[in-house]
Amino acid sequence: MDAVLAKNDNSDVIAADKAHVWHHLIQHKTFETVDPRIIVEGKGLRVWDAAGKEHLDGVSGGVWTVNVGYGRETIADAVRDQLVKMNFFANTLGSVPGALFAERLISKMPGMSRVFYSNSGSEANEKVFKMVRQISKQHHGGKKSKILYRDRDYHGTTITALSAGGQGERSAHYGPFTPGFVAVPHCLEYRNQYDSAEAYGERAADAIEEVILREGPDTIGAICLETMTAGGGVIVPPEGYWERVQEICKRHQILIHLDEVVCGVGRLGTWFGYQQFGIKPDFVTMAKGVASGYAAISCTVTTEEVFDMFKDASGDPLSYFRDISTYAGCAAGPAAALENMRIIEDEDLLENTLSMGARLMENLEGLKEKHAVVGDVRGRGLFAGVELVSDRETKEPANEAKVQAVAGHCMAQGVIIGMTNRALPGFNNTLCLAPALIATADDIDHLTSSIDEALTAVFS
Ligand SMILES: Cc1ncc(COP(=O)(O)O)c(C=O)c1O
């Protein structure tokens, strides 16, 4: 850590924060007795707080974002150079980094062809919802306007993104919601909702078709799914699931929208998570890892076939996609994204994600053997979940306060981990791990040994 920062008295910063900042996802009553934690510096996988304490960050900036790690000067340089040359022009016109990043991105996504820029994951998803609604109006006479979403998935914070959200505690108190969004069941095999334990993946996909048939296939335009559910409990799609989902969508002419806001840009060890499951999406959305948090950028990527639907009635003044986000014109986003992608490639971070991900899973399996409270471990690449239960037989979820205590114990040891947080009524019992893609074997072992100690301290 910078020695000057370490010595600085940050009490004025803390006072200003306490007096004026409304933190995200926090009950502020807490700050009447404790100070908010302020992070002042980061390098690699480590961050330092205002008290000078070092933390190993096991969740890439809290919400799985800083994929290439902290302190990347080359990204900062690329952003600076771009900003002094040309910082902003509305994306109705083009920019140099915008064009070059779109080309690089599409080169990693065979079958996809067009990139629509915006600023956040929520917004990237909203763009798809608008596209689907416009396709409905212009190509299906108003039919096929409904959008399916899945229990436990999350697609963002705006009212319409929450309307497509399968996490009850995230949306509680924020209705009424946008009409036309219909839920389908989750696909978490550990919590099998069906009578048979056979072919769970196919069964969970068939449950989607049951909803489609109930609603009427001609009413449904698209299905929006996280490739691997992240904040809803780290749900790896079961075997056979994605093949059947594709088959069903093809049969009923339903467009597939994959939310890769978390899984995209290397998190699962491939450029995109869906590339591990053989899916051919119509839309892919991404944000967080696109520029690793060095700039705000999100992308809605579509096929040429979808894009063409917005060109084919050129005489109609309302036929094109009439959507704009002001800051999609800020050139910092694609400039950072280009350099972020170069780093992932030149440092072989996809390979590292696969090998360190395997180590992480192996270590977590070891914790499952040792601690009865670990009911299930699951994950892909460098995204893993540890579901805690009070009874392995009944799978009764562990008490939420105790799960929080595990995360708190890790924090006290200087290790930051995540957990399902005010998301799923009765099921906020999964610890989440998503270290930066540069994690070393020592980092992984440090993370899991800290969880080991915390589990012992809280549950023994
Ligand atoms: C899967 C998924 N989609 C969308 C979002 C929303 O992204 P943002 O917070 O950038 O709007 C998130 C945020 O965590 C997410 O996890």
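The following paragraphs lead the reader through a sheet, a buried acidic residue and a ligand site. The structure is a predicted model.

The sheet offers a convenient point of entry. Four strands make up this open sheet, in the order β1-β2-β3-β14, and their pairing is mixed. At its edges lie β1, covering residues 39–43, and β14, covering residues 415–416, each of which pairs on one side only. In general, the strands of a sheet are held in pairs by backbone hydrogen bonds and may run parallel or antiparallel.

Both arrangements can be traced from strand β3. On one side, β3 (residues 54–57) runs antiparallel to β2 (residues 46–49), and three bridges join the two strands. Two of the residue pairings may be followed by eye: R46 has L56 as its bridge partner in β3, while W48 is partnered by E54 of β3. Strands β2 and β3 form a hairpin, with four residues between them. Within that turn, G52 has a positive phi of about 90 degrees.

The pairing of β3 with β14 is parallel and comprises two bridges. Here L56 appears again, standing opposite V415 of β14. Residue L56 may thus be located from R46, its bridge partner in β2, and from V415 in β14.

Attention may now turn to D17, which is situated in helix α2, a helix spanning residues 11–20. Which side chain of opposite charge is nearest to D17? That side chain belongs to K18, and the distance is 8.7 Å. Since a salt bridge requires the charged atoms to lie within 4 Å, D17 has none, although the residue is buried. The side chain of D17 does, however, make a polar contact with the side chain of H23, at 2.7 Å. Leaving aside residues up to four places away in sequence, D17 touches H23, P36 and I38. H23 therefore appears both as a polar partner of D17 and among the residues that D17 touches, given that contact means heavy atoms within 4.5 Å.

The ligand site completes the account. There are 13 residues around the ligand, and those that come nearest are G121, S122, E226, D259 and K288. Three of these residues can be examined through individual atoms. At G121, a polar backbone atom is 2.8 Å from an oxygen atom of the ligand. At S122, the side chain takes part: one of its N or O atoms lies 2.5 Å from a ligand oxygen. At D259, an N or O atom of the side chain is 2.7 Å from a nitrogen atom of the ligand.

Key. Residues numbered from 1 in each chain as written. Predicted model: local features only at pLDDT ≥ 70, side-chain atom pairs only at ≥ 80, totals over all residues. Heavy atoms only, no water. Buried < 20%, exposed > 50% of the residue type's maximum accessible area, 1.4 Å probe, protein only. Lys, Arg positive; Asp, Glu negative; His and termini not counted. Polar contact = N/O pair within 3.5 Å; in protein donor to acceptor, adjacent residues only side chain to side chain. Pairing = 2+ DSSP bridges. Near = heavy atom within 4 Å.
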